[in-house]
Number of protein chains: 2
Amino acid sequence: MDFLEMMRQRKSCRSFDPEKQVSREDLLKIVEAGRLSPSGCNSQPWKFIVIDSAEAKEKLCDAIVVENGATGAPWRHQVSAFIILVEQEAKVMPLVLKHYQDSQRFAPGDIGAACMNMCHEAFTLGLGTCMIGVIDQEKMEKYFGIPHGCEARVVLAVGYAADNSPVKKIRKPLEEVCCFNEWA
Amino acid sequence: MDFLEMMRQRKSCRSFDPEKQVSREDLLKIVEAGRLSPSGCNSQPWKFIVIDSAEAKEKLCDAIVVENGATGAPWRHQVSAFIILVEQEAKVMPLVLKHYQDSQRFAPGDIGAACMNMCHEAFTLGLGTCMIGVIDQEKMEKYFGIPHGCEARVVLAVGYAADNSPVKKIRKPLEEVCCFNEWA
């Protein structure tokens, strides 16, 4: 399948089959797609925590519940495995530090790219994914020993989709997001 | 080619053939890979400015030169086209705003993912890409009419590689970036 066709077909999955478990072998292929990702100054400012034990999954499901019991993932208990993408301090070139005064300038984008690549690899393995961004950072530190100051940027849910019916992808039209040679 | 194999083979390109121009048709396929990308709350917080006229390219080459004439892209004059990825205000769910008090929490990661997808599509078209992050925001506003406050997150250089010799990809080993069920 060509890449654009994959982009058209892939979609976030919010309905997982709780009976079908993802193998460690597949999870490691997904992690590999993240590990190989490019990053600003090749800083690789990430750590990937694979959550696949029953106990750790229970904690993870709680760590994505925030104020007043709100969550972006009400379907979280169906999920076979999660991968926490934690931002680490980026070692960048002096030019970057001098210009932005911020070693982490590129890190969120780098992690976004790594997470996207994980989604693509999962798709090729026949697995569904959903990126979860609403995260209780204190619970993350407490449950998983993430050092204070290292932020969990995104949690990737991974599993077999319960429902493979096509979803219409809703995107802004080309004219709204693209222009040539100047802002328009 | 399977996705992991593409991840192994792709690399940033820093040596472009200045004689070979990328077609608008190919540039639009690359933009399409960005347009179709997922984003937090499907906010699509981006605008893609394709820079392919001689005049605009000249300005772009100056806009990625910062203090004291420093640049991350000394090879920029060889490049056939650029795509500026500009961050726009993200409309996110109330849950996200309440938790992070920041509508842009996910936007840099979303743009990182969109840019990664553009690189993959370019790769499948036989084109080389390099993400450029050191950008003079004031020049961007002045040259291209980008509204003040909308940040140019990344400039993607696109062209035919002058040198296709394999580069060894240097990445941290798996054990350093991956752990299971707790931080290690």
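How many residues of chain B are in contact with chain A? The count is 81, and they meet 81 residues of chain A. The close-ups below all come from a predicted model.

**View 1. The interface of chain B and chain A, taken as a whole.** Putting the two chains together buries about 6,800 Å², with carbon and sulfur atoms giving 60% of that area. On the chain B side, look for B:Arg171, B:Asn181 and B:Trp183: these residues lose the most area to chain A, and together they make up 12% of what that side buries.

**View 2. Polar links between chain B and chain A.** There are 44 residue pairs in polar contact between the two chains, counting pairs with both residues at pLDDT 80 or more. Helix H5 of chain B, residues 107-124, supplies nine residues to the side that touches chain A, the largest share. Sorted by type, the residues on that side of chain B come out as 42 nonpolar, 19 polar and 20 charged.

**View 3. A salt bridge between A:Glu151 and B:Arg105.** The rule finds two salt bridges across the interface of chain B and chain A. In the one shown here, the closest N and O atoms of A:Glu151 and B:Arg105 are 2.7 Å apart.

**View 4. An open sheet with strands from both chains.** Follow the five strands in the order S5(A)-S1(B)-S2(B)-S4(B)-S3(B), and you'll find that the pairing is mixed. At the edges sit S5 of chain A and S3 of chain B (128-132), each pairing on one side only. From one strand to the next, the twist averages 20°.

**View 5. Where the sheet passes from chain A to chain B.** Strand S5 of chain A (residues 178-180) runs parallel to strand S1 of chain B (residues 46-51), and three bridges join the two. Here A:Cys178 stands opposite B:Phe48 in S1(B).

**View 6. The S3(B) and S4(B) pair.** S3(B) and S4(B), the latter covering residues 152-159, run antiparallel and are joined by five bridges. To get your bearings, find B:Cys130, which stands opposite B:Ala157 in S4(B).

**View 7. Two chain B helices lying across the strands.** Helix H2 of chain B (residues 24-35) lies across S5 of chain A as well as S1, S2 (81-87) and S4 of chain B, and runs at about 165° to S1(B). Helix H3 of chain B (residues 54-63) lies across S1, S2 and S4 of chain B, running at about 60° to S2(B).

How values were computed. Residues are numbered from 1 along each chain as its sequence is written. Chains are lettered from A and ligands numbered from 1 in the order in which they are written. This is a predicted model: local features need pLDDT of at least 70, side-chain atom pairs count only at pLDDT 80 or more; totals for chains, interfaces and linings use all residues. Side-chain values use heavy atoms; hydrogens and water are left out. Contact means heavy atoms within 4.5 Å. Buried area is the accessible area (1.4 Å probe) that two parts lose on being put together, summed over both. A salt bridge is a side-chain nitrogen of Lys or Arg within 4 Å of a carboxyl oxygen of Asp or Glu. A polar contact is a pair of N or O atoms within 3.5 Å; within protein, one must be able to donate a hydrogen and the other to accept it, and residues adjacent in sequence count only if both atoms are side-chain atoms. Helices (H or I, at least four residues) and strands (E, at least two) are DSSP runs, numbered from the N terminus. Ala, Val, Leu, Ile, Met, Phe, Trp, Tyr, Cys and Pro count as nonpolar, Asp, Glu, Lys and Arg as charged, and the others, Gly among them, as polar. Two strands pair if DSSP finds at least two bridges between them. Axes are lines fitted to C-alpha atoms, for helices over the stretch in contact, and angles run from 0 to 180 degrees between N-to-C directions.
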